[in-house]
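Trainee: I would like to go through the labels used for this model and ask what each one rests on.
Mentor: Go ahead; each label can be set against its cut-off.

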Amino acid sequence: FRETSNLQSGIVRGIFVVKKDGTRVPVQISCSSVTWQGKKVIQGIFTDVSSYKKMEDKLSKELADAQRLADIGTLSATVAHELRNPLGVIRTALYNIKRKNTDHNLDKHLGNIEKKVYDSDRIIQNLLSYARIKMPQRAPTSLQAIIDDSLSHCAEKFKNKNISFKNISNLPEGLTINADPTQISELLMNLLDNACLAVAPDQGQVAIDTKKLDAEEVLEIKISDNGEGMDQ
């Protein structure tokens, strides 16, 4: 450990001692000057501060994470602002073109542009939502009620695509979970939106299958669609 021959009375931190097995142990030394056998010597009491060191490291990490999230929030807000301005101009121009358009050959292309504008706006919104990370406000929540509401909302939102929805539930009647209903709803809506966007008009099938696993206190939610999917 660090040379201590010149220590005066006080407390010394940042010292490590090495055990026989090679383990480094952080210690705090309480020093005092005493007289022993007629000589003035330094007396040191070594205290193992491993638990305090772990707590300090944990707090340092949490502070670093909080600063990182704050930086992400600032960057996200800036990016969102910069992107939404040109996106608004594109949306306005698209509206004017569609209103004046008489060439139906352009309808498909204009529809594609409109979809991409919608997708871009949704990406920006998701970015902002991620930057505003909120701690969950948990309460007894009916998962089935949230699923029913989410499917109803999607059916209305994508009614022009004539999607067939299946709601398969094997949950015990009256079951509640300790969760944040808003965050669970946002999660399900994002997954269902992705499924609805992936299927073809008039042929789309979206299913949500919910069950309680017998062996564990776990609920399983599966959302599937008959879209093209993705390669491995």
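**Labels and their grounds**

Mentor: In this predicted model, a network of salt bridges links Lys 53, Glu 56 and Asp 57. Over the whole structure, a search finds ten salt bridges.

Trainee: What makes Asp 65 and Lys 61 a salt bridge?
Mentor: Their closest N and O atoms are 3.1 Å apart, and the cut-off is 4 Å between a Lys or Arg side-chain nitrogen and an Asp or Glu carboxyl oxygen. The pair therefore qualifies. Both residues lie in helix α1, four residues apart, about one turn of the helix.

Trainee: Why is Asp 65 called partly exposed, and why is Lys 61 called exposed?
Mentor: Asp 65 has a relative accessible area of 27%, and partly exposed covers the range between under 20% and over 50%. Lys 61 is at 53%, so it counts as exposed, the cut-off being over 50%.

Trainee: How do you know that Lys 157 and Asp 193 form a salt bridge?
Mentor: The closest N and O atoms are 2.9 Å apart, and the limit is 4 Å. Lys 157 lies in helix α3 and Asp 193 in helix α4, so the pair ties together parts that are 36 residues apart in sequence.

Trainee: Is Asp 193 buried or exposed?
Mentor: Buried, because its relative accessibility is 5% and buried means under 20%. Lys 157, with 37%, is partly exposed.

Trainee: Why is α3 called oblique to α4?
Mentor: The axes of helix α3 (residues 143–157) and helix α4 (residues 181–198) come within 9 Å and cross at roughly 40°. That angle makes α3 oblique to α4, because roughly parallel requires an angle under 35 degrees and roughly perpendicular starts at 65. The crossing of α3 past α4 is right-handed.

Trainee: Which helices does the salt bridge of Lys 98 and Glu 114 join?
Mentor: The side chains meet at 3.1 Å, N to O. Lys 98 lies in helix α1 and Glu 114 in helix α2, so the pair ties together parts that are 16 residues apart in sequence.

Trainee: What makes Leu 127 eligible for the nonpolar patch?
Mentor: Leu 127 has 32% relative accessibility, and a patch residue needs over 30% and no salt bridge. Leu 127 lies in helix α2, and its partners in the patch are Leu 75, Val 79 and Leu 83. Together the four have about 320 Å² of accessible area. Helix α1 (residues 50–100) gives the largest share, three residues.

How values were computed
Residues numbered from 1 in each chain as written. Predicted model: local features only at pLDDT ≥ 70, side-chain atom pairs only at ≥ 80, totals over all residues. Heavy atoms only, no water. Patch = residues over 30% accessible without salt bridge, like charges linked within 9 Å, V, L, I, M, F, W, Y side chains within 5 Å. Areas by Shrake-Rupley, 256 points an atom, 1.4 Å probe, with all protein chains shown as cover. Helix = DSSP H or I, 4+ residues; strand = E, 2+ residues; numbered from the N terminus. Buried < 20%, exposed > 50% of the residue type's maximum accessible area, 1.4 Å probe, protein only. Axes fitted to C-alpha atoms, helices over the stretch in contact; angles between N-to-C directions. Parallel < 35°, antiparallel > 145°, perpendicular 65-115°, else oblique. Left-handed = near helix turned anticlockwise from the far one by under 90°.
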